[in-house]
Amino acid sequence: MQSYIPLFALIAGLLLMGGLAYFRASLLAFSLVLTGLLVAYSFVSPFSQLFWLAYLLIIGGLNFKALRQQLISKPLFKIFKKIMPEMSRTEKEAIDAGTTWWEGELFRGAPDWKKLHSYPAPRLSPEEQAFLDGPVEQVCAMTRDWEITHELADLPEEIWDFLKQHKFFAMIIKKQYGGLEFSAYAQSCVLQKLAGVSAVLSSTVGVPNSLGPGELLQHYGTKQQQDHYLPRLAEGKEIPCFALTSPEAGSDAGSIPDAGVVCMGEWQGEQVLGMRITWNKRYITLAPVATILGLAFKLSDPDGLLGEQKELGITCALIPTDIEGVEVGRRHFPLNVPFMNGPTRATDLFVPIDFIIGGKEMAGQGWRMLVECLSVGRGITLPSSATGGIKNAALATGAYARIRRQFKLPIGKMEGIEEPLARLAGNAYLMGAASDLTVSAIDLGEKPSVISAIVKYHLTHRGQRASIDAMDIVGGKGICLGPKNFLARAYQGAPIAITVEGANILTRSMIIYGQGAIRCHPYVLNEMAAAQDPDFNRGLDSFDKALFSHLGFAFSNFVRSFWFGITGNNFVSAPYSDQTAVYYKQLTRFSSNLALLSDVAMGTLGGNLKRKERVSARLGDMLSQLYLASAVLKRYDDEGRKTEDLPLVHWSMQDALFQLQTALDELLLNFPNKLVGKFMHWVLFPLGKPLHAPSDQLDHTLARILQQPSETRDRLGQGRFDSRVAGNVYGELEQTLEDVLACEALYDRVCQALGEKRPFTQLDKLAEQGLHLGVLSPEEAQLMKRTEQGRLAAINVDDFDHQQLENRPAQPQGSHSSWDSVA
């Protein structure tokens with residue numbers, strides 16, 4: 001038995017040290033416990049004096065700061081300063097912009113779930129709710145998307161006037177300037193409802209309330225600029241746009257070629273300090289109708305008129321579009337979704353220096369201004385529009401699938417249709433959750449740059465896939481354009497959201513993790529700051545503290561990840577003991593995996609990680625799915641943990657977690673260092689990959705939710721425009737769905753009386769027979785006749801005379817289109 005004592009002691013020691021690592025004990029605690037273990041063991045098997053001397057030197061070197069810095073930290077600090085990759089000014093400003101919120105918890109390997117659930121659920125104020133119930137509902141009822149996209153290629157004048165009259169362009173502007181000053185959540189709700197009826201309408205409203213002059217003026221404008229422009233923007237007297245993208249610089253906005261030079265020049269008959277600017281911009285939303293242009297350009301000061309710095313950098317200015325030399329008015333034509341979008345140009349245009357947003361003191365500060373504001377706007381406009389689109393697509397397609405019959409049964413009961421229907425329902429739930437959680441952060445005062453990139457990419461990506469699923473189900477009804485088509489324009493326009501505000505490929509492969517790894521990691525940013533400190537000793541002190549905290553953090557995540565892998569998460573705590581408990585445990589496990597793999601990637605790849613875009617993309621996918629899954633759990637909790645909503649929670653969580661596991665698996669299988677990849681695969685998946693995609697049975701349950709009116713279905717589509725007004729195809733589909741379900745029992749009654757099973761068609765004739773046989777009341781017969789009208793309207797498609805589809809010549813030059821009057 002005595003021969004087993006060393007083995008038992010070793011196992012006990014490893015377990016004890018592993019426990020300390022799991023709970024992230026301090027270096028001093030590790031040292032004291034390890035010393036105690038060795039002293040205790042020495043009574044059984046004494047160590048040599050040489051061993052104790054070496055041990056005390058090592059343990060002392062680690063715990064005594066001055067000695068540790070000289071022997072370990074200082075040499076490493078010198079190496080780190082040399083190998084740390086150079087960062088451009090724009091990269092540094094992008095990383096410094098915004099704040100870190102819940103994503104920071106996810107990056108630390110041990111999320112505090114109570115903290116997540118303590119964030120207040122988003123709520124509308126009475127004023128905001130009244131706006132949604134009043135002007136928003138009214139403008140949706142006024143909107144005919146076919147008229148906008150096919151006949152006018154613009155919003156009708158009455159809608160432009162209505163938007164300005166009710167201050168749709170002033171949701172972000174403070175009340176002191178005449179704006180509505182709505183919460184981010186209210187803005188999101190407005191855009192979701194508008195996006196459900198018309199992408200042109202939602203983008204027209206979204207852009208002035210996102211990245212643009214209004215946002216920039218409120219944060220950085222001079223008092224004079226604010227007092228002049230903000231009331232005019234609030235009243236709709238000014239239509240704003242913001243010009244950033246150039247033909248030579250799309251996603252690489254820091255490389256814009258548009259330039260200005262500080263100089264003296266004549267303005268309104270006087271010599272003033274100003275700038276000569278040349279620009280050529282494209283893809284600028286609202287440019288054709290804008291009266292005030294926000295412009296980003298690179299400013300230089302070769303004569304030192306503003307100071308000693310010659311190259312000032314990216315600058316933002318406000319340019320009235322009626323100045324001679326400003327070219328606007330022509331239009332791009334984005335995928336048959338003709339919102340106002342076009343180029344703007346000028347050559348050697350002189351404007352006063354006080355046209356700079358914030359005045360001359362803000363010269364060269366434009367990129368910082370943009371990325372700080374973008375972290376807010378990017379989290380609202382496109383994610384909200386994608387969410388509003390999928391809500392309508394999911395519920396309308398579900399209704400259609402229950403109304404439309406083939407092979408003598410509703411197509412929604414076919415297993416092949418159930419699969420894409422389930423994706424529509426699950427993604428609608430997840431996207432709604434992620435959008436709500438993100439705008440909640442913004443309303444709490446956060447500027448979540450990493451989260452905004454996550455939801456911009458993933459919600460537009462899932463939204464595009466959802467539009468494909470919906471089109472696959474609806475088939476011929478979906479591909480024939482016309483007023484009755486409720487999917488085609490959203491399907492056509494989906495790539496627009498994928499492309500704008502940072503292309504999705506770039507966002508996934510560079511931005512999400514590129515910012516997240518530095519902003520969210522608890523120690524990397526401190527290490528980088530220490531390396532850039534001009535005071536070597538002060539930098540060394542900061543580096544030493546961050547380095548040893550970092551090493552302890554990495555070791556803890558290694559132990560936690562391996563422990564979770566061999567125990568199947570069974571010993572992980574969760575805030576609830578219901579069916580969601582397993583998901584909290586799985587997310588905690590993957591959070592530790594992400595934290596560990598981030599350190600492994602940075603440690604083995606160093607500066608090359610910046611160029612290994614697929615490594616960065618997969619790490620970003622892990623962080624993204626952690627966030628999306630967290631949002632689902634938060635939504636379920638905020639909505640009262642209703643058990644009838646659990647199928648949506650299960651599908652959303654299982655889909656996000658499976659995608660997370662897939663990203664992790666592909667990362668390790670393709671890791672640049674094959675040996676490290678294989679070892680980490682064994683550490684993280686010692687018992688194999690534990691997760692699977694949602695089951696067919698779960699898909700079946702979700703498909704039924706979309707086809708049957710219920711409170712769960714209502715919550716899924718909350719906030720969409722489904723009013724039963726004439727011309728609203730979504731309201732008509734909902735009415736027909738209810739009528740079809742109500743008629744099925746009447747249909748069965750008539751068929752039984754006839755002694756034969758008739759097709760579920762020509763319900764009007766069947767109603768007459770039911771009346772004649774005395775098995776239907778007049779009211780029931782009338783319901784069957786109305787149902788037949790609705791059923792035919794749902795399945796029939798539009799047709800046109802040849803002349804209606806011709807591309808007719810443009811109006812002669814000098815005539816006025818509907819948007820000329822707006823500008």
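Me: Before we look at helix ends, which pairs of atoms may I call a polar contact?

Reply: A polar contact is a pair of N or O atoms within 3.5 Å, where, within protein, one must be able to donate a hydrogen and the other to accept it. Please keep in mind that the structure above is a predicted model. In this model, Asn673 caps the N-terminal end of helix α27, with a side-chain oxygen 3.2 Å from the backbone nitrogen of Leu675.

Me: Staying with α27, which of its residues are buried?

Reply: The general idea is to look at relative accessible area, where buried means under 20% and exposed means over 50%. In α27, which covers residues 674-684, the buried residues are Gly677, Met680, Val683 and Leu684. Because they cover an arc of only 125° around the axis, they lie on the same side of α27. The face turned away from that buried side carries Leu675 and Lys678, which are exposed.

Me: And what do the buried residues of α27 pack against?

Reply: They pack against three helices, namely α23 (536-567), α24 (581-605) and α26 (646-669).

Me: How would I read a single residue in one of those partners, for instance Asn557, and is it buried or exposed?

Reply: Begin with the element and the accessibility, and then turn to the contacts. Asn557 is found in helix α23, and with a relative accessible area of 0% Asn557 is buried. Leaving aside its neighbours within four places in sequence, Asn557 is in contact with Arg24, Arg108, Gly109, Ser592, Ala595 and Leu596.

Me: Where is Glu644 found, and what is it in contact with?

Reply: Glu644 is found in the loop between α25 (613-638) and α26, and at 40% relative accessibility Glu644 counts as partly exposed. Once neighbours within four places in sequence are left aside, Glu644 is in contact with Glu711, Thr712 and Arg715. A C-alpha to C-alpha distance can also be read for a chosen pair: Glu644 and Pro257 are 387 residues apart in sequence and 55 Å apart in space.

Me: What should I have in mind when I read a phi value?

Reply: Most residues other than glycine have a negative phi. Against that background, Leu286 has a phi near 75°, a positive value in a residue other than glycine. Leu286 has its place in the loop between β3 (270-285) and β4 (292-300), and at 1% relative accessibility Leu286 counts as buried. Asn336 likewise has a positive phi, of about 60°, although it is not a glycine. Asn336 has its place in the loop between β5 (311-320) and β6 (341-352), and at 26% relative accessibility Asn336 counts as partly exposed.

Me: Which residue takes a positive phi just after α9, and what is buried within that helix?

Reply: Just after α9, Ala153 takes a positive phi of about 55°. Within α9, which covers residues 145-152, Asp145, Trp146, Ile148 and Thr149 are buried, and the buried residues of this helix pack against α11 (184-197), α12 (199-206) and α20 (488-499).

Me: Finally, how many cavities of 30 Å³ or more does a search of the whole structure find?

Reply: A cavity is a set of points where a 1.4 Å probe fits but cannot get out. The search finds 1 cavity of 30 Å³ or more, and the largest cavity has a volume of about 30 Å³. Its lining consists of Phe169, Ile173, Pro208, Gly214, Leu233, Glu238 and Pro240, which by class gives 5 nonpolar, 1 polar and 1 charged residues.

Technical notes. Residues numbered from 1 in each chain as written. Predicted model: local features only at pLDDT ≥ 70, side-chain atom pairs only at ≥ 80, totals over all residues. Heavy atoms only, no water. 1 Å grid on protein atoms, 1.4 Å probe; cavity = no way out; pocket = protein on both sides within 12 Å on 5 of 7 lines; lining within 4 Å. Points joined across faces, edges and corners; volume = space filled by probe spheres on them. Nonpolar A, V, L, I, M, F, W, Y, C, P; charged D, E, K, R; others polar. Buried < 20%, exposed > 50% of the residue type's maximum accessible area, 1.4 Å probe, protein only. Helix = DSSP H or I, 4+ residues; strand = E, 2+ residues; numbered from the N terminus. Arc of directions from axis to C-beta. Contact = heavy atoms within 4.5 Å.
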